[in-house]
Amino acid sequence: MAISELKLPQGVTAHEYRTPALLADGLANDVAEQLRTAISARGEATLVVSGGRSPVAFFQQLAKQGLDWSSVTITLADERWVPVEHADSNAGLLKQHLLQGPAAKAKFLSLYSAAANLEDAAEQADRLLVELPGIDVLVLGMGDDGHTASLFPDSPNLGDALAPDGTRRCWPMLAPTVPHQRLTMSRALLATAKYTVLSISGSAKLTTLSAALASDDVAAMPIRAFLQPTLEIYWCP
Ligand SMILES: O=C1O[C@H](COP(=O)(O)O)[C@@H](O)[C@H](O)[C@H]1O
């Protein structure tokens, strides 16, 4: 199956690439252009990215882009509640692959804190995110179960985190896979992004996307909340 075979909602654009390397390059160019436009307009730009296994090549390509990184704030759509040194830390992934060379001048806001428990850490991240000067670019991923960010089907707090008009920015969540304890931006905050990308690769993710498009139960597959006009989907086999 190819993404061109799916019936996407009106206003959703698909960008298809032949290989993961070409996708990483194309996405990095497009994201950098959006950040440059924001810097020209407002003097600063905010980028929110996702973790997981897929985005490494994209981070490496984005770090090579010529832009005024000192005017860019970067944070994560979600984080595992582990310190930056932990192999599963999304912040660690960013430090290794994106915040390198000139891109190291970007300001990084970490969702993780060594609080007493996950709930306290989420409240701390919620307060920190008040500083976020609006989201110019959001890059989402998607799990095979239809989760995005750390909005996991069946997690406690999912209903609150998915409230379209919720005022809280960060919620504690439980993932079915280790590390279970996660911090996620709320749907309401993620939905404020000016330019939203869903970056996926492989036929399994396309099967998941196809299932997500077939129904509208957002709690069963939280990615559905973002299959909206203006979404840009980047895909490669
Ligand atoms: O657990 C997560 O999974 C999704 C998808 O990750 P991938 O490695 O399969 O691309 C990711 O978007 C999310 O941020 C992450 O926490």
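**Helix packing and selected residues in a predicted model**

Good morning. The UniProt record, an unreviewed entry, lists residues 20-235 as "domain: Glucosamine/galactosamine-6-phosphate isomerase". What I present today is a predicted model. Within it, the span 20-235 is 32% helix and 19% strand, and its end C-alpha atoms lie 8 Å apart.

I begin with the helices. Two packed helices are described by the angle between their axes and the distance between the axes. I shall give both for two pairs, with α2 taking part in each.

The first pair is helix α1, residues 20-42, with α2; their axes are 8 Å apart and the packing angle is about 50°. At that angle, α1 and α2 are therefore oblique to each other. The crossing of α1 past α2 is right-handed. On the α1 side, the contact is made by Ala24, Asp25, Leu27, Ala28, Val31 and Ala32, and on the α2 side by Ala57, Phe58, Gln61 and Leu62. Sorted by class, this contact of α1 with α2 has eight nonpolar residues, one polar and one charged.

The second pair is helix α2, residues 56-63, with helix α3, residues 90-97. Their axes come within 9 Å and cross at roughly 45°. That crossing angle makes α2 oblique to α3. Here, too, the handedness can be stated: α2 passes α3 in a right-handed crossing. From α2, the residues in the contact are Val56, Phe59, Gln60 and Ala63; from α3, they are Leu93, Leu94 and His97. How do the residues of this contact divide into nonpolar, polar and charged? Five are nonpolar, two are polar and no charged residue takes part in the contact of α2 with α3.

Let me stay with α3 for a moment. This helix is mostly covered, with six of its eight residues buried. Those buried residues are Asn90, Ala91, Gly92, Leu93, Leu94 and His97. Against which elements do they pack? The buried residues of α3 pack against α2 and against four strands: β2 at 45-49, β3 at 72-76, β4 at 78-80 and β5 at 107-108.

Leaving α2 in the direction of β3, one comes to Lys64, which is placed in the loop between these two elements. Is Lys64 buried or exposed? With a relative accessible area of 62%, which is over the 50% cut-off, Lys64 is exposed. The C-alpha atoms of Lys64 and Val84 are separated by 23 Å, the two residues being 20 residues apart along the chain.

I turn next to two buried residues, one in a strand and one in a helix. Ser199 is found in strand β9, residues 195-201. Its relative accessible area is 19%, and because buried means under 20%, Ser199 counts as buried. Which residues does Ser199 contact, leaving aside its neighbours within four places in sequence? They are Leu23, Leu27, Val139, Leu140, Gly141 and Tyr234. Leu27 has appeared already, as one of the α1 residues in the contact with α2.

The helical example is Thr208, which belongs to α7, residues 203-213. Thr208 is buried, with a relative accessible area of 6%. Its contacts, again leaving aside neighbours within four places in sequence, are Met142, Gly143, Asp144, Gly146 and Met221.

Finally, some remarks on backbone geometry, which may interest those who check dihedral angles. Where is the cis peptide bond that I wish to point out? A cis peptide bond joins Val178 and Pro179, with omega of about -10°. Pro179 lies in the loop between β7, residues 170-174, and β8, residues 181-185.

Two residues other than glycine have a positive phi to be noted here. For Asp154, phi is near 75°. Asp154 lies in the loop between β6, residues 137-140, and α5, residues 158-161, and is exposed, with a relative accessible area of 77%. For Thr230, phi is near 85°. Thr230 is found in the loop between α7 and β10, the latter covering residues 232-236. With a relative accessible area of 56%, Thr230 is exposed.

To close, I return to the helices: α1 and α2 are oblique to each other, and α2 is oblique to α3. Thank you for your attention.

Methods:
Residues are numbered from 1 along each chain as its sequence is written. This is a predicted model: local features need pLDDT of at least 70, side-chain atom pairs count only at pLDDT 80 or more; totals for chains, interfaces and linings use all residues. Side-chain values use heavy atoms; hydrogens and water are left out. Axes are lines fitted to C-alpha atoms, for helices over the stretch in contact, and angles run from 0 to 180 degrees between N-to-C directions. Angles under 35 degrees count as roughly parallel, over 145 as roughly antiparallel, 65 to 115 as roughly perpendicular and the rest as oblique. A crossing is left-handed if the near helix is turned anticlockwise from the far one by less than a right angle, and right-handed if clockwise. Contact means heavy atoms within 4.5 Å. Ala, Val, Leu, Ile, Met, Phe, Trp, Tyr, Cys and Pro count as nonpolar, Asp, Glu, Lys and Arg as charged, and the others, Gly among them, as polar. Buried means under 20% relative accessible area, exposed over 50%, partly exposed in between (1.4 Å probe, protein chains only). UniProt positions are given in the numbering used here, feature names are shortened, and annotations may be inferred rather than shown by experiment.
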